[in-house]
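Q: Please take a close look at one part of this model, its nonpolar core. Then follow the structure outward from there, so that the part can be read in the context of the whole chain.

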Amino acid sequence: MLDMKEVSSYGLSKAELKDRWTAGNWYFQNNGAEWIRNAKANMKREDKRWLPELEEFFQGRLKDKGSALCLGAGPSFKDNLGKLYHKVQNYGLTIAVDKVVNDLYNSGVAFDIAITRDASITVGDMFVKAKAGQKIAVSIMSHPEVVDYLIQKGCDVYFYGPINPFDPTVHALYRDWE
C-alpha cells in the first residue's frame with residue numbers, strides 16, 4: 001500500500017490522494033492481472049527497444065524548432081483536423097496519442113511518433129493504417145499481440161514504462177520483480 005508520507009510532495013490533500021488511489025485500485029482489480037501478464041511477456045522479448053533510445057532523434061527534431069505538438073482526442077479534434085496539416089509544420093516534433101492516429105493518417109497529417117498506454121488488444125485497431133518505419137511508443141503493459149502486429153507491419157516499436165505513483169499496477173509489478 002502506498003505510504004501517505006511518500007507522496008507528500010505531490011501537493012495533494014489526503015482526500016484527493018484517497019480518491020486517486022481508490023480509482024487506481026478499481027482499474028487494477030478489473031485489469032491488473034492482464035496488465036501484469038502483458039508486462040512480463042513484453043519484458044522477455046528479445047526484440048524490445050526502449051523509448052530513451054530515441055533521445056537523439058527527439059533532440060535533433062527539437063533543436064531546430066524547439067517545441068513539440070501533442071495531438072490527442074478531444075471535443076474539438078475532428079472539427080480542427082483540417083487546420084492541423086499546416087500547423088504541424090511549425091513544430092519540431094509531432095506526437096499522436098492513441099485514437100487520433102487513424103484520423104491523422106486519413107487526413108494526411110504527418111506525425112513523428114505515436115504513443116499509446118492502453119493495454120487492451122483492441123489498440124491494434126488504432127494502427128490499421130500504420131506504415132513501415134512509423135515510430136510507435138507502447139507501454140510495457142501493452143498487449144503482446146498488438147506489439148507483434150506493429151512489428152509485422154514494419155513499425156519501429158519502442159517500449160516505455162508508465163510511472164504513476166497512484167497506480168497499483170506499478171506497485172504490483174515492482175513487488176513481483178523485487
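A: In this predicted model, the largest nonpolar core comprises 31 residues, and the members that touch the most others are Leu104, Phe127, Ile136 and Leu150. The core draws on many parts of the chain: at least two residues come from each of helix 1, strand 1 (68-71), helix 3 (77-87), helix 4 (100-107), strand 4 (135-139), helix 5 and strand 5. The greatest contribution is that of helix 4, which gives four residues. In soluble globular proteins, nonpolar side chains tend to be buried together.

Phenylalanine 127 offers a detailed view of this packing. When neighbours within four sequence positions are set aside, its contacts are Val101, Asn102, Ala114, Thr116, Ile136, Tyr149, Leu150 and Lys153. Two of these partners, Ile136 and Leu150, are named with Phe127 among the core members that touch the most others. The surroundings of phenylalanine 127 also include Asn102, Thr116 and Lys153. A second core, separate from the one just described, has nine residues, including Leu51, Leu93, Ala137 and Tyr158.

Leu93 leads to strand 2, since it serves there as the bridge partner of alanine 68. Strand 2 spans residues 93-97 and is mostly covered, with four of its five residues buried. Strand 1 runs parallel to strand 2, and four bridges pair them. Strand 3 (residues 113-116) is also parallel to strand 2, to which it is joined by three bridges; within this pairing, isoleucine 95 stands opposite isoleucine 113. The connections repeat one arrangement. A right-handed β-α-β unit is made by strand 1, helix 3 and strand 2, and another right-handed β-α-β unit is made by strand 2, helix 4 and strand 3. Strand 1, helix 3 and helix 4 each also supply at least two residues to the largest core.

Threonine 94 shows how strand 2 is enclosed. The residue belongs to this strand, and because its relative accessible area is 3%, under the 20% cut-off, threonine 94 is classed as buried. Beyond its neighbours within four places in sequence, threonine 94 contacts Leu69, Leu71, Val88, Ala110, Phe111, Asp112 and Ile113. Among these partners, Ile113 is also the residue that stands opposite isoleucine 95. In a regular strand the side chains alternate between the two faces of the sheet.

Charged side chains form a further set of links, and the whole structure contains four salt bridges. Arginine 45 takes part in two bridges: one to aspartate 47, with an N to O distance of 3.0 Å, and one to aspartate 148, where the closest N and O atoms lie 2.9 Å apart. The latter pair ties together parts that are 103 residues apart in sequence, because aspartate 148 lies in helix 5 (residues 144-152) and arginine 45 in the loop between helix 1 (14-43) and helix 2 (55-65). The partners vary in exposure. Arginine 45, at 14% relative accessibility, is buried, whereas aspartate 47 is partly exposed at 40% and aspartate 148 is partly exposed at 31%.

Another salt bridge joins arginine 49 and aspartate 156, with 3.8 Å between the closest N and O atoms. This pair, too, links distant parts of the chain: arginine 49 is in the loop between helix 1 and helix 2, and aspartate 156 is in strand 5 (residues 156-160), 107 residues away. Both side chains belong to partly exposed residues, with relative accessibilities of 28% for arginine 49 and 22% for aspartate 156. Through shared partners, salt bridges unite Arg45, Asp47 and Asp148 in a single network.

These details sit within a chain of six helices and five strands, whose order from the N terminus is α-α-β-α-β-α-β-β-α-β-α. Of its 178 residues, 40% are buried. Among contacts with a separation of 6 or more, 54% join residues 24 or more positions apart. The exposed area of the protein chain is about 10,600 Å², of which carbon and sulfur atoms supply 52%.

How values were computed
Residues are numbered from 1 along each chain as its sequence is written. This is a predicted model: local features need pLDDT of at least 70, side-chain atom pairs count only at pLDDT 80 or more; totals for chains, interfaces and linings use all residues. Side-chain values use heavy atoms; hydrogens and water are left out. Buried means under 20% relative accessible area, exposed over 50%, partly exposed in between (1.4 Å probe, protein chains only). Contact means heavy atoms within 4.5 Å. Accessible areas come from the Shrake-Rupley method with a 1.4 Å probe; for residues, only the protein chains shown count as cover. A nonpolar core is a set of buried Ala, Val, Leu, Ile, Met, Phe, Trp, Tyr and Cys residues joined through side-chain atoms within 4.5 Å. Two strands pair if DSSP finds at least two bridges between them. A crossover is right-handed if, with the strands pointing away from the viewer, the path from the first strand over the helix to the second runs clockwise.
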